[in-house]
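Visitor: I would like to go through this structure with you and ask, at each step, what justifies the words you use for it.

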Amino acid sequence: MIFRKSTKKKIVLSLWLLSFFIVLGVLLYCLYLSILIDTRFSGRRWGIPSKVYSDSTLLFPGQKVNQSLLINKLRRLEYRNVAHAPESSGEMRRGEAFVELYLRDLEMPAKRQKGFPVKIAFRNQEIESIIRKDNGAALPILELEPEKIMLFFGPERQQRQLVSIDRVPKHLIHAVLAAEDSRFFEHHGFDIRSILRAIYINIRHGTIRQGGSTLTQQLAKSYFLTPERTFARKIKELLMALTMEIKYRKHVIFEIYLNEIYLGQKGSVSINGVGEAAFFYFGKPVENLSLAEAATMAGLIKSPGLYSPYVSEAKSREHRNKVLHDMERLGYITRTQMDGASQEPVKTVGFTAYGKKAPYFVDYVSKQLPTLYSQKILSSQGLSLYTTLDSQVQEAAENALERGLARLEKTHPSLKRSHPEGKLQGVIIVMQPKTGYILAMVGGRDYSATQFNRATQARRQPGSAIKPFVYLSGLDQFTPATELSNEQKTYDVDGKSWKPHGKSSDSGKGIRMRDALARSDNLATVDLAMKVGLDRIVDTVKAFQFSTPVKPQPSLALGAYEVIPLELARAYCTFASDGVEPYPLSLKTLVDENGNVLEQRHMTIQNIISPAKAYVMSDMMRSVVTEGTAKSAKNMGITFPVAGKTGTTNEYRDAWFVGYTPDVLVLVWVGFDNGESVSAEGAVAALPIWADLIRAIPQYISGEWFTMPPGVVKEKVCSQSGQLAVERGCPEPFEEVFLEGNVPAEYCQIPEHRAYSGEVLKTWWKKLWRR
């Protein structure tokens, strides 16, 4: 008996000790969980991907506009069509000659503006008026919000907009409670009643129809744990829920839950949190959700893949009505409210699966960022990067390149290739010459086939597109009216004979410098280069900051050396910006998630040549378009003043056209990556693409020409001698531009033209008096 009592005491003691150590172990484990939860909740709770934006869009009365590109932009900004006058943010109504918008709030660095309704009226491809619908005020200018063109995702590829619980409407809170955990504010992390009810319902139906997890348990599973279904994971979930309930108030847990829950899929990107889901499904901020929309969203939590209105509108509506019924049963809404909301259709705004827009441009921007921030920061800190991209110009550029390359393949079937990586390729770069802003960049035909950015990484021979820099080198010695030799010659270069090849206009007859550039005369260009000196031409090219090596060889004058397309576009900007070369700018402002400016890029410029020389070169290159190799542009609808230059390399491996106005510069290159022939010159392969694009962006075409700066003079010149024209003596004189210190010194020496000697003297006195 004594032995039995002793044994019993030992067993009881052992059980007490075991229980003590179990409780101690649980408490220590809960302490560990508490530290883990505190660490996560006290720091950054979620990684928010940084966003890359286009530039904003300015609209004003009198502005020319491509209506289809503007409407496409509004669609990308997710303005949704409605049949009535727009009443809430993000709505749009279109008419034959107008579009009405309810603008979203504009939030940009140094600019905040509440959204308002507006009507934009058009007439003959121009904006006629911009009127505020709420007060009838005529607006002199309107700014549309930037377009989101990329997100820097982390490995989870989650997209969310954080919201405070104060912004969440009561009916959404009640809908979530009714759908997932009606006793959330009564239990302490787990709910025995809910567990027993779930077991009973599941046994009665013979299948799993209901879960017993509380919102706190769901948060623990989603935020901290893996989705594996094991007993150990369930115990850990329960302990974490209890720990959270002890350490945090209910409204804090509920707010974290609302921002954490998974609510759907946008292509490869998961939609998390009610803030992001409100825009994804209904195109509005969470605080503007109706009762029916709130019930629809709450119904998604159970199974977004099953109840998403994008998957099945019928199942979504059925489950929404079940949530509404539960809300009425719990006293959150009245029967009248339930009946009214149940009758509403499930209306979504639609979506486009996430895809990187302007991918080559975005890659160019992305390569600049590692010097500022790591990939980890970019994928988690919620930064906003505002760029120079004009999304309308980008769309026009992508369309023009695709159409142009398809047209070339149709007219030259030999250019077609079956393998995507071997296809005919192209580049388009659009810049603002005076600022260096890159408005659009297309680095290839199909980004999904090849991510090689030919705009910034390719090294191609420019052919005749390099000639303006040769002619620029000669402006101090020669004038646009100087006659150059276009005889076939053999030159001695470093003890070796070299003979230029290629086209020449009226070989052997001589040609004026302006005409030589306009007609891209190879023999005359080489003649000029040899007279000016190859070293001087090399110095000129280097001054434009090309990164590719250049050597003093005669073939340099014909473009037989490599350039990077973006650097060539930048160099041409100098002619269009009074001799100042801008640095290509793509990133304007970097802002943190609180709106604080972290980095601001300003345009960087360097004076390369005088405004006078820039004007003379632009005037000479205008002749390329009016009467030279690009004169077919007028048959393509180019009726406004343009300066530019075609370029073609040996065996037609490269085709170029660089054209500009005072407001915009566009470079087009066409070729194969492996150097195969494109079977066409720049005027045939590249110029039509340029014309197609420039016609599509009338907002950048003012039709004005450059203002003649100080240091440039105009004089009448004899068309035969290239000397100053004798008044009423020289037949067909023409007006030419000269640098002020390099005007022809003599009047025409042709005897027949000097017959009016008195007129010569009279003209000389007039010139002297004027000076």
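**Reasons behind the labels**

Guide: Let us begin with Gln 63, which is found in the loop between strand E2 (57-59) and helix H2 (67-76), bearing in mind throughout that this is a predicted model.

Visitor: Why is Gln 63 called buried?

Guide: The relative accessibility of Gln 63 is 10%, and buried means under 20%, so Gln 63 counts as buried. Leaving aside neighbours within four places in sequence, Gln 63 is in contact with Leu 58, Gln 125, Glu 126, Ile 127 and Gln 699.

Visitor: What makes the approach between Gln 63 and Leu 58 a polar contact?

Guide: A polar atom of the Gln 63 side chain lies 3.4 Å from the backbone oxygen of Leu 58, and the cut-off for such a pair is within 3.5 Å.

Visitor: Which residue in the loop between helix H19 (534-543) and H20 can we examine in the same manner?

Guide: Thr 548 has its place in that loop, and a relative accessible area of 4% makes Thr 548 buried, because the label applies under 20%. Not counting residues up to four places away in sequence, Thr 548 touches Arg 459, Tyr 561, Glu 562, Val 563, Ile 564 and Glu 567. A polar atom of the Thr 548 side chain lies 2.7 Å from the backbone oxygen of Glu 562. As for Tyr 561, the C-alpha atoms of Thr 548 and Tyr 561 are 8.5 Å apart in space, with their positions 13 residues apart in sequence.

Visitor: Why is H20 described as roughly perpendicular to H21?

Guide: Helix H20 (residues 565-576) and helix H21 (residues 611-627) pack at an angle of about 105 degrees, with their axes 7 Å apart. That angle makes H20 roughly perpendicular to H21, because the term covers 65 to 115 degrees. On the H20 side the contact is made by Tyr 572, Thr 574 and Phe 575, and on the H21 side by Ala 614, Met 617, Ser 618 and Met 621. By class, the residues of this contact of H20 with H21 are five nonpolar, two polar and no charged.

Visitor: How do you know that H15 and H23 are roughly antiparallel?

Guide: The axes of helix H15 (residues 391-411) and helix H23 (residues 687-696) come within 9 Å and cross at roughly 150 degrees. Angles over 145 degrees count as roughly antiparallel, and H15 and H23 therefore receive that description. The crossing in which H15 passes H23 is right-handed. From H15 the contact involves residues including Val 393, Ala 396, Ala 400, Arg 403 and Arg 407, while H23 contributes Pro 688, Ile 689, Asp 692, Leu 693 and Ala 696. The contact of H15 with H23 has 10 nonpolar, one polar and three charged residues.

Visitor: What makes H23 a mostly covered helix?

Guide: Nine of the 10 residues of H23 are buried, among them Leu 687, Trp 690, Ala 691 and Ile 694. The elements that cover these buried residues include H2, H15, strand E16 (425-431), strand E27 (654-660), strand E28 (665-671) and helix H22 (682-685).

Visitor: Why is Glu 78 called partly exposed?

Guide: Glu 78, which is found in the loop between H2 and strand E3 (80-81), has a relative accessible area of 43%, and partly exposed is the label for values between 20% and 50%. Its backbone also deserves a remark, since Glu 78 has a positive phi of about 65 degrees although it is not a glycine.

Visitor: Is Ser 520, with its positive phi, buried or exposed?

Guide: Ser 520 is buried, with a relative accessible area of 1%, which is under the 20% limit. Ser 520 sits in the loop between helix H17 (513-518) and helix H18 (522-532), and its positive phi is about 55 degrees although the residue is not a glycine.

Visitor: Why does Lys 322 count as partly exposed?

Guide: Lys 322 lies in helix H11 (residues 313-329) and has a relative accessibility of 46%, whereas exposed would require over 50% and buried under 20%, so Lys 322 counts as partly exposed. The C-alpha atoms of Lys 322 and Ser 342 are separated by 9.1 Å, the two residues being 20 apart along the chain.

Visitor: How many residues does the protein chain have, and what share of them is buried?

Guide: The protein chain has 771 residues, of which buried residues make up 54%, and its elements are 24 helices and 30 strands.

Terms used
Residues numbered from 1 in each chain as written. Predicted model: local features only at pLDDT ≥ 70, side-chain atom pairs only at ≥ 80, totals over all residues. Heavy atoms only, no water. Axes fitted to C-alpha atoms, helices over the stretch in contact; angles between N-to-C directions. Helix = DSSP H or I, 4+ residues; strand = E, 2+ residues; numbered from the N terminus. Parallel < 35°, antiparallel > 145°, perpendicular 65-115°, else oblique. Contact = heavy atoms within 4.5 Å. Nonpolar A, V, L, I, M, F, W, Y, C, P; charged D, E, K, R; others polar. Buried < 20%, exposed > 50% of the residue type's maximum accessible area, 1.4 Å probe, protein only. Polar contact = N/O pair within 3.5 Å; in protein donor to acceptor, adjacent residues only side chain to side chain. Left-handed = near helix turned anticlockwise from the far one by under 90°.
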